[in-house]
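Biologist: I would like to learn how to read the features of a model like this one. Could you take me through them at an easy pace?

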Amino acid sequence: MTEVEDNFEVSEFTFNFHKGFDLYVAVRCGKKAALDELESLQTDPISSGYLAMSLARSENSIIPKDIPRVKELCAHFLPLMFEMTINSDKETIEFLADVHYLIAFCQENGIVHYFVLFCFSVVSYAEVIFEFLTGYAVSKDPVKSVENYRESVALGHPGAAVNLSNCYDDGVGVAVNKAKVFELCSFAAGVGHPIGLNNLGCCYLFGKGCSINHVQKMRLWEKAAKMGYPMSQVNIGLTYFYGEGVRTDEATAVRYFQQGVKAGLCRAQLMLGYCYYRGSGINGDVSKAIEYCGLAAAQGNASAQYQLGCILYNRSFDQADREKAISTLQEAANSGSPDAQYFIGCCYCTGIQGKPKSIIEAVRFLRKAAIREHAESISRLNSLQEEYKEELWQNRKSFW
């Protein structure tokens, strides 16, 4: 929880506001206990709002998204928010920082956010309140989103600084500016925001607005990892696994992947499954490899689906096992894995693994992989286009 001066009297509003935010951050880090505590505090409108945000924005399998529950919470806490009053300048600044942050998030994503009705009332957007009440979503407006993020950052909101840095990084609503990415991540990291610490570490990894510095990168990720942020735990694991700026240490990498798995992070599940399959830093265990890759694949990760399909294919004992492996590889191809697209394309090319021979389908999948600069797909595609030039020309509309 945020520390306050001894001579500062903390109002119930400020106490609940900070407590709710701390619990929300913990939920984003995959802490089930924090979600349970928010559930116990849901009679308070602020805690109820943070609970709705937690369930709506969950990024891990430990705490799955629950949109029906979000709508139920919104119906409860939005009317209560109108009855609340702010009693000091300090509270006003803190609250308005979150108001602008949440409005910006809403505008960036083109959705009705869970504080948006009250937030827009605070800044007198009467017409938007009407639209909300009549069931319309807030218009997606990246430029206005950036403006509100800036307002929120000026009021000291670290989460807004992180989101604004992403806008500058990707050129969403504003021109790409890597120096601003570094500046905003530095601000968020400076107040101990775990995502800010992680993203600042990524700046040092890739040289975004700064020189590449692996020592600084690890220092920041380790600090965020100690705070329980799973993405930093996985980043450290990947650093040790691949030896990026440190001595390769697969056993240490596995320990960090295991921490990320506890938070339900997809990349951690995939990497731990891979380590079990290869016996890297841990005793090999194909069953556990299938288990962890399966968890990641269930979250729709194309790389995990491909890895799982390969494991199943290589250990298939009968026709049923082989069919399951091919089905998994097909899912991976449909999800965008270029390696899987190449495999499925080759199956169609020669009519194997239960796929009928179809040059059209083969080219369709190989083209998808080739667009991702998959070297083998490019080579195979060039050969097919030369060999089946006339057939492909006659069926060219199939690729439109």
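Biologist: Over which ring does the charged end of Arg322 sit?

Modeller: A charge sits over a ring if NZ of Lys or CZ of Arg is within 6 Å of the ring centre and within 35 degrees of the ring normal. Here the ring belongs to Tyr313, and the charged end of Arg322 is 4.2 Å from its centre. Lys368 sits over the ring of Phe365 in the same sense, 5.1 Å from its centre. Before we go on, a word on the ground rules: this is a predicted model, where local features need pLDDT of at least 70 and side-chain atom pairs count only at pLDDT 80 or more, while totals for chains, interfaces and linings use all residues. Residues are numbered from 1 along each chain as its sequence is written, and side-chain values use heavy atoms, with hydrogens and water left out.

Biologist: How many helices and strands are there in the chain?

Modeller: Both are DSSP runs numbered from the N terminus: helices are H or I with at least four residues, strands are E with at least two. This chain has 22 helices and zero strands. As for burial, a residue is buried under 20% relative accessible area, exposed over 50% and partly exposed in between, using a 1.4 Å probe and protein chains only. Of the 400 residues in the chain, 48% are buried.

Biologist: Which residues touch the most other members of the largest nonpolar core?

Modeller: The general idea is that in soluble globular proteins, nonpolar side chains tend to be buried together. A nonpolar core is a set of buried Ala, Val, Leu, Ile, Met, Phe, Trp, Tyr and Cys residues joined through side-chain atoms within 4.5 Å. In this model the largest such core has 34 residues, and Ile236, Phe257 and Leu272 touch the most other members. Helices supplying at least two residues each include α11 (194-206), α12 (214-226) and α17 (302-315), while α15 gives the most, with seven. Contact means heavy atoms within 4.5 Å; leaving out residues up to four places away in sequence, Leu272 touches Val254, Phe257, Gln258, Val261 and Tyr292. There is also a second, separate core of 25 residues, with Val162, Ile195, Leu200 and Tyr229 among them.

Biologist: How many aromatic pairs does a search of the whole structure find?

Modeller: A pair of aromatic rings is described by the distance of the centres and the angle of the planes. Rings of Phe, Tyr and Trp (its six-membered ring) pair if their centres lie within 6.5 Å; planes under 30 degrees apart are stacked, over 60 edge-to-face, and the rest tilted. The search finds eight pairs. One of them, Tyr240 with Tyr256, is stacked, at 6.4 Å centre to centre and 15° between the planes. This pair links distant parts of the chain, from helix α13 (residues 230-242) to helix α14 (residues 250-262), 16 residues apart. Another, Phe241 with Tyr274, is edge-to-face, at 6.2 Å and 75°. Phe241 in α13 and Tyr274 in helix α15 (residues 266-278) are 33 residues apart. Phe241 is buried at 11% relative accessibility, whereas Tyr274 is partly exposed at 27%. Together with Tyr242 and Phe257, these two form one aromatic cluster.

Biologist: What does Tyr256 contact, leaving aside its neighbours within four places in sequence?

Modeller: Tyr256 is in contact with Gln233, Ile236, Gly237 and Tyr240.

Biologist: Why is there no bond between the sulfur of Cys185 and the closest cysteine sulfur?

Modeller: A disulfide is a pair of cysteine sulfur atoms within 2.5 Å. The sulfur of Cys185 is too far for a bond because the closest cysteine sulfur, in Cys203, is 4.3 Å away. For Cys266 the closest is in Cys293, at 9.8 Å, also too far. The count comes to zero disulfides. Cys185 is buried at 2% relative accessible area, and Cys266 is buried at 14%.

Biologist: Where does His374 lie?

Modeller: His374 lies in the loop between α20 (359-371) and α21 (375-387), and is buried at 10% relative accessibility. A polar contact is a pair of N or O atoms within 3.5 Å; within protein, one must be able to donate a hydrogen and the other to accept it, and residues adjacent in sequence count only if both atoms are side-chain atoms. One such contact, of 2.9 Å, joins the side chains of His374 and Ser377. In that loop you also find Glu373, which is exposed at 68% and has a positive phi of about 65° although it is not a glycine.
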